[in-house]
Structures are given as structure tokens and as C-alpha cells.
Amino acid sequence: MGGQKSDLPALGPPAGMQPLRVDLRTLLLLVLLPCPGAWQFHVIGPRAPVIALVGEEAVLSCQLNPSMDAQNMEVRWYRTDPFGLVHRYGTSWNKIEEQKPEYQGRTEFLKENITKGHVALRIHRIQPSDGGEYVCFFESSTYYNDATFQVLVTVSGMVPHFLIEPGNRQEIKLTCTSMGWYPEPELQWRDHQGLHLTPASETKTIEESGLFRVESSLTVDKSSTAKVSCVVRNLILNVEKEVHVSLADTLFPMDCPWIVGLVIILFLLATATIIIVLLVCVRKSKGSLKKKHGKLREDYDRPSVHELCWIIMSIIP
Ligand SMILES: *[C@@H]1O[C@H](CO)[C@@H](O)[C@H](O)[C@H]1NC(C)=O
């Protein structure tokens, strides 16, 4: 926890304050000096980083130690990098700072316990850009102090899916893809014993939503591995999503009985079609010989079945 300021006039508040203010403070300090400590406080922020899930809400609570009424204080939450105001409570004359546009309409000040010096800020609809360092800052008429803490934004993505393709010769190319992760997930390939396999490639891209999509390819020998898993893990939540494939079940045209069957059926069908066409043609050519005299004109105008058969028969050896 940082940002505590013990020597008031020398340091000055962090943003937008005017020199006149410091002079007033010095005056007040001098007035109050006879009873040192009565007006001092520490700000205690979240002790561990706040984990905020994308799309959900996060509560950033801060309190005063010793416990004291903060109703008449100025309370602000701001980001340090990039610097900007997230939310402010109070009636201070200092209107220089404006709430960052990305937080407008998303913040809610929880002051149920403000008389005990305990307040919280609820941020709705967490987005990836909300992650980073935050400060909560309390200012009374005589003193100020702040606390710094981290917000970790995260989300676990979808169960990965496989694309299985035949590779060169005896190889199989496996591609594992998963979307909707934040921050960058870790992707691992494992064999049936849980041992890590080295991928041929891995790419991480940022989707339109600001979340990560990860894709990795692995080349395995057809005979080598029984079961291969692709595991994508969120390192903050320690959540992993896995998909596995048993290569023994993976069928490819060369060693696939039903494909061979299909080829045979198609061959038989083609042979039968040729035989039928030939039979029809033989019948038609006999029939058209008998009718030749009566049909002369018609035959002349459009290609007859007879002529089509002749063409077919001359193509087929
Ligand atoms: C206020 O204090 C009560 C009792 O300690 C607690 O249950 C409640 O959650 C607090 N409210 C907020 C907004 O922190």
C-alpha cells in the first residue's frame, strides 16, 4: 500500500490543486497544532488485488483508520496510468477533474457505512480496459491520505475446439482454437500421460471485444499418440478448459473402410448407367429406322434421340 502522506503541506494533493489551497491548509494546520493526531487518518484499501470479471461488477472498498465519519470529506477513486478520475464524492470547490468518459454511467458510490469511514465504489459492466492501478483518496478539511491497489480484470473463454487435418505422409495436423479470454491465456498440448507436447505454431489475437483468441497447431505422427489434449488456462483464476481427441478414432480416406465401400458403389452405379444408356440407344436406333420416312422433316429440324445416341456411342469405346 502506498501513497500515504504524513507531511501535509510539503507534498500537496495529487491533482488539480491550487497553491492557495496549500496556504489555507498551512493556516489550519497551525491552528490545529495544539492537538496533533486528532485529525489524522490512514486510508486502507483492498489488501489483495481486486479480481474483476469482464461483464460483471466490481466493488472497490476503502476505509479510514481510525474509524471516523467521512460524510463531509471528499472521496475520490482515480486511475494512475493513464491518470484519470473514476468517481468522486463530495462538495469540494475543486471541479477541475472530470470523470473519465469510459466510467460515466458505470459507477455507484456505496455510502451505507460512511459514518464509520467505510465506503465503496461499485463499477458495473467491467471491461478489459478497467484493469490497472487505482487510488482511493480521502480528504477532510484538514488532512488527506490515500491508498493504492490493483484491479485485475479477467475472464475465462470458451471450451477449445479441434480441427483435425491430414498432414504430410504419416502425419496429422491438429489445430486447437479458443476465444473469449482475458488476459492472454496459456495454451498447452499434452499427451495421454499428461506430458507437454511442443506445438508447431501458436498465435494470440485480440478480438473486437478486447478479449483474446488463441490458436495453436500440433503435428503428430499417425501411429505415435493415442490421446492428445489441448488445454487453455486463465492464469489469474487458475481455470482451465480442455478438449481431447483420441487419434485411434480419427478416420482418414486411406485407411477408412466406408470410403472404399462408397467408391465401389459409385463405380457399380456408373457401370449400370452406361449399360442402360447403351441398351436404350440400340432400341431407339432400330425404332427410328422404321419411322425414318415419316419423320424426315422433324429429324432435320432438331437433334433426335437417334443422333444423340450416335454421339454417345461414338464417345464410349
Ligand atoms: C456496511 O456494514 C455492514 C455491517 O458491518 C455490512 O454488512 C455491509 O456490507 C456494509 N456495507 C457496505 C456497502 O460495505
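**Close-up views of a predicted model**

**View 1. V135 and its partner across the β8/β9 pairing.** V135 sits opposite T148, a residue of β9. This is a predicted model, and here we zoom in on the strands around that pair. β8 and β9 run antiparallel to each other, with eight bridges between them. Both strands also feed the largest nonpolar core, each giving two or more residues to it.

**View 2. The five-stranded open sheet.** Pull back from β8 and β9 and you get a sheet of five strands, ordered β2-β9-β8-β4-β5. The sheet is open and its pairing is mixed. Which strands stand at the edges? They are β2 and β5, and each has a single partner strand, so one side of each has no neighbour in the sheet. On average, neighbouring strands here are turned by 30° against each other, ignoring direction.

**View 3. The four-stranded open sheet.** Another open sheet has four strands in the order β1-β3-β7-β6, and its pairing is antiparallel. At its edges are β1 (42-44) and β6 (107-110); each has just a single partner strand, so one side of each is left free of a neighbour in the sheet. The average turn between neighbouring strands is 20° in this sheet, direction ignored. In the middle of the view, β3 and β7 run antiparallel and are joined by six bridges. If you want one pair to look for, take V59, whose bridge partner in β7 is R122.

**View 4. The largest nonpolar core.** This core has 31 residues, and the ones that touch the most other members are W77, F138 and F149. Which elements give two or more residues to the core? The list is β2 (50-53), β3 (58-65), β4 (74-80), β5 (83-89), β7 (118-123), β8 (132-139) and β9 (144-154). As a bit of background, nonpolar side chains in soluble globular proteins tend to be buried together. There is also a second, separate core of 17 residues, with L174, W189, L218 and C230 among them.

**View 5. The C62-C136 disulfide.** The structure has two disulfides, and this close-up shows the one formed by C62 and C136, with the sulfur atoms 1.9 Å apart. Left-handed or right-handed? The torsion about the S-S bond of C62 and C136 is about -105°, so this disulfide is left-handed. C62 belongs to strand β3 and C136 to strand β8, so the pair ties together parts 74 residues apart in sequence. Neither end is out in the open: C62 is buried at 0% relative accessible area, and C136 is buried with a value of 0% too.

**View 6. The C176-C230 disulfide.** Here C176 is joined to C230, at 1.9 Å from S to S. The S-S torsion of C176 and C230 is about -75°, so this one is left-handed. The link spans distant parts of the chain, 54 residues apart, with C176 in strand β11 and C230 in strand β16 (residues 227-234). C176 counts as buried at 0% relative accessibility, and so does C230, at 0%. C230 is also one of the residues of the second core.

**View 7. The β10/β11 hairpin.** Strand β10 (residues 161-166) and strand β11 (residues 171-181) run antiparallel, joined by six bridges. One pair to pick out is E165 with K173, its bridge partner in β11. Four residues lie between the strands of this hairpin, and R169 takes a positive phi near 45°. That torsion is one to check if you are browsing the backbone angles.

**View 8. The surroundings of F212.** F212 is part of strand β15 (residues 212-221). Is F212 buried or exposed? With a relative accessibility of 10%, it falls under the 20% cut-off, so F212 counts as buried. Leaving out residues up to four places away in sequence, F212 touches S178, M179, G180, W181, Y182, P183, E184, P185, T205, I206 and E207. From F212 to V155 the C-alpha to C-alpha distance is 9.8 Å, for a sequence separation of 57 residues.

**View 9. The whole protein, for orientation.** The protein holds five helices and 17 strands. Of its 317 residues, 35% count as buried. Among contacts with a separation of 6 or more, 60% are between residues 24 or more positions apart. The exposed area is about 19100 Å², and 60% of it comes from carbon and sulfur atoms.

Note on methods:
Residues numbered from 1 in each chain as written. Predicted model: local features only at pLDDT ≥ 70, side-chain atom pairs only at ≥ 80, totals over all residues. Heavy atoms only, no water. Core = buried A, V, L, I, M, F, W, Y, C linked by side-chain atoms within 4.5 Å. Buried < 20%, exposed > 50% of the residue type's maximum accessible area, 1.4 Å probe, protein only. Pairing = 2+ DSSP bridges. Disulfide = S-S within 2.5 Å. Axes fitted to C-alpha atoms, helices over the stretch in contact; angles between N-to-C directions. Contact = heavy atoms within 4.5 Å. Areas by Shrake-Rupley, 256 points an atom, 1.4 Å probe, with all protein chains shown as cover.
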